[in-house]
Amino acid sequence: MTMRRNYGVIAVAAGIIWLLIQAQSTDGRSYANGGSIITYFWPTLFILPLGIFFHVAYLYKRSKPAAGLLIPGGVLLVTGLTCQAGMLFDAWATVWPGFLLAVAFGLFEFYLFGYRGFWLLLPVFVLGGAAVIFFALLSITAIAPFNGLQGLTASLIVLGGLMVLLQKSTGDEDDYRKY
């Protein structure tokens, strides 16, 4: 069964690559010649296989010390996907928070499958939260370029922040000194 599954994965990957080579981009570029394949698919050819290799190496050993392989594996995997999206859609100005998300993803994988240190989650949430905020802000600016809607959105964000700051304390909040 595993041999059949391997052939199936290879067939699906080959079919996807073939479809991508046949496709035309939105501005008329063709991916059909050899130079364009390397130019547009270098993340899929060079970065993603390394990330997959680190994940397969972890799955082969599957122990807590081997979970350290997931950090570079996760970083390379998400970085490869970010670079591939940037290359195919010429969206480098929009996808750059994916690099922050890559580090957060690698550390979170290490947290899930390795040592569950509480302090490991701090950079995961800071980097992941920053990536989500930047993706959201870049999406808003892509949908509503500098016009009245963007000013309204910024005003709503300011009002929401003021509401959070001016909200009365209930006394139920955790004291930071407990940690």
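1. Let me start with the pair of helices that caught my eye: α3 and α5 cross in a right-handed sense. A crossing is called left-handed if the near helix is turned anticlockwise from the far one by less than a right angle, and right-handed if clockwise. Helices here (H or I, at least four residues) and strands (E, at least two) are DSSP runs, numbered from the N terminus. By class, the contact of α3 with α5 has 13 nonpolar, 5 polar and 1 charged residues. Ala, Val, Leu, Ile, Met, Phe, Trp, Tyr, Cys and Pro count as nonpolar, Asp, Glu, Lys and Arg as charged, and the others, Gly among them, as polar.

2. A word on the basis before going further. This is a predicted model, in which local features need pLDDT of at least 70 and side-chain atom pairs count only at pLDDT 80 or more, while totals for chains, interfaces and linings use all residues. Residues are numbered from 1 along each chain as its sequence is written, and side-chain values use heavy atoms, with hydrogens and water left out.

3. Now the geometry of that pair. Two packed helices are described by the angle between their axes and the distance between the axes. The axes of α3 and α5 (residues 97-113) come within 7 Å and cross at roughly 150 degrees, which makes α3 roughly antiparallel to α5. Axes are lines fitted to C-alpha atoms, for helices over the stretch in contact, and angles run from 0 to 180 degrees between N-to-C directions. Angles under 35 degrees count as roughly parallel, over 145 as roughly antiparallel, 65 to 115 as roughly perpendicular and the rest as oblique.

4. Which residues make up the α3 side of the meeting with α5? They are L70, I71, G74, V75, V78, T79, T82 and C83. Across from them, α5 brings G98, F99, L101, A102, V103, F105, G106, L107, E109, F110 and F113. Contact means heavy atoms within 4.5 Å.

5. Both helices have the length one would expect. α3 has 20 residues and reaches 28 Å from its first C-alpha to its last, close to the 28 Å expected at 1.5 Å a residue. For α5, with 17 residues, the reach is 24 Å, close to the expected 24 Å. The expected span is 1.5 Å times one less than the number of residues.

6. On burial, the α3 list includes L70, G74, V78, T79, T82 and C83, and the α5 list includes G98, A102, G106, L107, E109 and F110. Buried means under 20% relative accessible area, exposed over 50%, and partly exposed in between (1.4 Å probe, protein chains only). Of the 179 residues of the chain, 25% count as buried.

7. T82 and C83 deserve a look together. T82 lies in α3 (residues 70-89) and is buried, with a relative accessible area of 8%. Leaving aside neighbours within four places in sequence, T82 is in contact with V95, G98 and F99. C83, also placed in α3, counts as buried at 5% relative accessibility. With the same neighbours within four places left aside, C83 is in contact with W42, P43, W92 and F99. C83 and Y40 are 43 residues apart in sequence and 9.6 Å apart in space, C-alpha to C-alpha.

8. Two loop residues are worth checking by eye. Most residues other than glycine have a negative phi, and most peptide bonds are trans. R62, in the loop between α2 (34-61) and α3, has a positive phi of about 50 degrees although it is not a glycine. R62 is exposed, with a relative accessible area of 58%. D90, which follows α3 and sits in the loop between α3 and α4 (92-95), has a positive phi near 50 degrees. D90 is exposed, with a relative accessible area of 58%.

9. Finally, the chain as a whole. There are 7 helices and 0 strands. Residues 24 or more positions apart account for 54% of the contacts with a separation of 6 or more. As one long-range pair, the C-alpha atoms of S139 and T94, 45 residues apart along the chain, are separated by 7.6 Å. S139 has its place in α6 (residues 121-143) and is partly exposed, with a relative accessible area of 34%.
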